[in-house]
Amino acid sequence: MESLLSLSFDYLSSFDGVKIRKGLRQLEGLLAQLCLSRTTTPAERRRSMALDGAAKPGPKDLASLSEDPAFREFFKLQEGFEWNVAIRLISCLERLLGKGSNGQNDLLLVSTLDLLRGVLLIHPPSRSLFAREIYMNLLLDLLDPSSCPAVQSSAVLTLVTALLEQPSITRCFENLDGLLTVTSLFKNRGTSREVKLKLVEFLYFYLMPETPFAGRNDENERGGLQRSPSKASKVGSGGRGKGEGEEGTRTTDEKQRLLGRYLNNVEDLVEDLKETAPFGASFG
């Protein structure tokens, strides 16, 4: 597994779009092998073909995934700096973002963000990377109005994944004027309808009661990485970069007041959220 990761990382570190795409596909193939079950018996293969027209593997059961030796090996490798996939994908995003916006580069940005979301879901401790300003700023850079709609939508979904069950990262997002970035894009006339829908969904997610992740969330466990500032922090991005997020959770009412600084009628969002109670959220 180390040799495959090493080869993929070499491709991702390139400035050649073809090599980057190859590295992304190799990582995607590895994650697919880890997370998709194989139809081992003839009866299973026949059943799969009857349902889907082809013998397509389905997702593994979550309970069995944690007992899979290959998955356990991958998870263990992610605990160290050398083989952490999320760090490599973030570095790739930085290089792609520096190349500007064009069709091929935008496709690579979207593919990298899609893969990063998968890694953050498979290995939740990697979300702690976004408790560092430089990495959170990178996601906020991708929400610039000049980015293409596909990149903006994918960045919003990746932001949700990074914040999931991570109150300390949410505090970092707030301290870096993340709410201002999100609401400014929402209010921008040039923002597409699809992106605005994604932003509304993000606001619903943000306003939900916070639940800390039960696993480790030590932002220093990836320490020792020295990186240059993101594009926005170099040129001064509307006040982002005011310090690390404090520990602890915030209530929906507290976040409503914060969001109300940038957006009107936030109380309507909260009322709708309380009525629908998505994902079984309890508002007490």
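**Phe173 and the all-helix fold around it**

Outside its neighbours within four places in sequence, Phe173 is in contact (heavy atoms within 4.5 Å) with Met136, Leu140, Leu159, Leu163, Gly178, Leu179, Val182, Phe202 and Tyr206. The model is predicted: local features need pLDDT of at least 70, side-chain atom pairs count only at pLDDT 80 or more, and totals for chains, interfaces and linings use all residues. Residues are numbered from 1 along each chain as its sequence is written, and side-chain values use heavy atoms, with hydrogens and water left out.

**Chain**
- The protein chain has 15 helices and 0 strands, taken as DSSP runs numbered from the N terminus (helices H or I, at least four residues; strands E, at least two).
- Of its 284 residues, 43% are buried (under 20% relative accessible area; exposed is over 50%, partly exposed in between; 1.4 Å probe, protein chains only).
- Among contacts with a separation of 6 or more, 74% join residues 24 or more positions apart.
- About 14,300 Å² of the chain is exposed, 53% of it supplied by carbon and sulfur atoms (Shrake-Rupley method, 1.4 Å probe; for residues, only the protein chains shown count as cover).

**Core**
- The largest nonpolar core (buried Ala, Val, Leu, Ile, Met, Phe, Trp, Tyr and Cys residues joined through side-chain atoms within 4.5 Å) has 71 residues.
- Phe173 is one of the residues with the most contacts inside this core, listed with Leu89, Phe130, Met136 and Phe202.

**Cysteines**
- The count of disulfides (pairs of cysteine sulfur atoms within 2.5 Å) is 0.
- Cys92 is buried at 1% relative accessibility, and Cys172 is buried at 0%.

**Asp106**
- Asp106 lies in helix H7, residues 103-122, and is buried at 10% relative accessibility.
- Leaving aside neighbours within four places in sequence, Asp106 contacts Ser101, Cys148 and Val151.
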